[in-house]
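Trainee: Please take one part of this model and go through it closely. I would like to hear about the aromatic side chains and what lies around them.

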Amino acid sequence: MKDSIDYNNKDQMNFISIIRLPDFVTKEDFEWAIKEATNKKKTDFQEVEFLTYDEGSCVQCMHIGSYDDEPNTINLMHEYMIENGYELDITDTRFHHEIYLSDPRRCDVNKLKTVIRHPIRKEE
């Protein structure tokens, strides 16, 4: 199964970075931290937002190796998804999601660990 993402054309992809906050951090705490950082760093943080993201059902896999080799892992994920009666559900609100467990500045490219998640839904 192929989806419409061309993993070899990274210049055409749009990315957002998300940092998970502990559950006890409120929107008010977040807004206070943005003000403090803006004042201390003299940097504009107005695009930073407090986001709640509910992923729903996903298929995920630990990819080990170069980011350029991710399409192989994604193809295996899609095969698994189809074999188990699911279909891909990437939309404007459900995203291809990666969690980087390794620092590419400090890790051999062949040992990079990335959790890849794709949203899925039961086939109709």
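**Aromatic pairs and their surroundings**

Mentor: Start with Tyr-100, which counts as partly exposed because its relative accessibility is 45%, and partly exposed covers what falls between the 20% and 50% cut-offs. Keep in mind that this is a predicted model.

To place that ring, begin with the whole set. Across the whole structure, a search turns up 3 aromatic pairs. One of them joins Tyr-53 and Phe-95, with 5.3 Å centre to centre and 25 degrees between the planes, and is stacked. The cut-off for that label is an angle under 30 degrees. This pair connects distant parts of the chain: Tyr-53 sits in the loop between helix H1 (27-41) and strand S1 (58-64), while Phe-95 sits in the loop between strand S2 (86-88) and S3, 42 residues apart. As for solvent, Tyr-53 has a relative accessibility of 27% and so counts as partly exposed. Phe-95, with a relative accessible area of 34%, is also partly exposed.

Tyr-100 belongs to another pair, with Tyr-67. Their ring centres are 5.5 Å apart and their planes meet at 75 degrees, so this pair is edge-to-face. Here the cut-off is an angle over 60 degrees. This pair too links distant parts of the chain, as Tyr-67 is in the loop between S1 and H2 and Tyr-100 is in strand S3, 33 residues apart. Tyr-67 counts as partly exposed because its relative accessibility is 27%.

Strand S3, which holds Tyr-100, leads on to the largest pocket. S3 contributes the most to the lining of that pocket, with 4 residues. Helix H2 (70-83) and strand S3 (97-100) each provide at least two residues of the lining. The space in the largest pocket is about 1,800 Å³. Of its 40 lining residues, those nearest the centre are Ile-16, Ser-17, Ile-18, His-97 and Glu-98. Sorted by class, the lining has 21 nonpolar, 7 polar and 12 charged residues.

Two more side chains complete the tour. One involves a ring and a charge: Lys-122 lies over the face of Tyr-86, at 4.4 Å from the ring centre. The other is His-63, in strand S1. His-63 is buried because its relative accessible area is 3%, and the cut-off for buried is under 20%. The His-63 side chain reaches the backbone oxygen of Ser-66 at 2.8 Å.

Technical notes. Residues are numbered from 1 along each chain as its sequence is written. This is a predicted model: local features need pLDDT of at least 70, side-chain atom pairs count only at pLDDT 80 or more; totals for chains, interfaces and linings use all residues. Side-chain values use heavy atoms; hydrogens and water are left out. On a 1 Å grid over the protein atoms alone, a cavity is a set of points where a 1.4 Å probe fits but cannot get out, and a pocket is an open set with protein on both sides within 12 Å along at least five of seven lines; lining residues have an atom within 4 Å of a point. Grid points are joined across faces, edges and corners, and a volume is the space filled by probe spheres set on the points. Ala, Val, Leu, Ile, Met, Phe, Trp, Tyr, Cys and Pro count as nonpolar, Asp, Glu, Lys and Arg as charged, and the others, Gly among them, as polar. Rings of Phe, Tyr and Trp (its six-membered ring) pair if their centres lie within 6.5 Å; planes under 30 degrees apart count as stacked, over 60 as edge-to-face and the rest as tilted. Buried means under 20% relative accessible area, exposed over 50%, partly exposed in between (1.4 Å probe, protein chains only). A charge sits over a ring if NZ of Lys or CZ of Arg is within 6 Å of the ring centre and within 35 degrees of the ring normal. A polar contact is a pair of N or O atoms within 3.5 Å; within protein, one must be able to donate a hydrogen and the other to accept it, and residues adjacent in sequence count only if both atoms are side-chain atoms.
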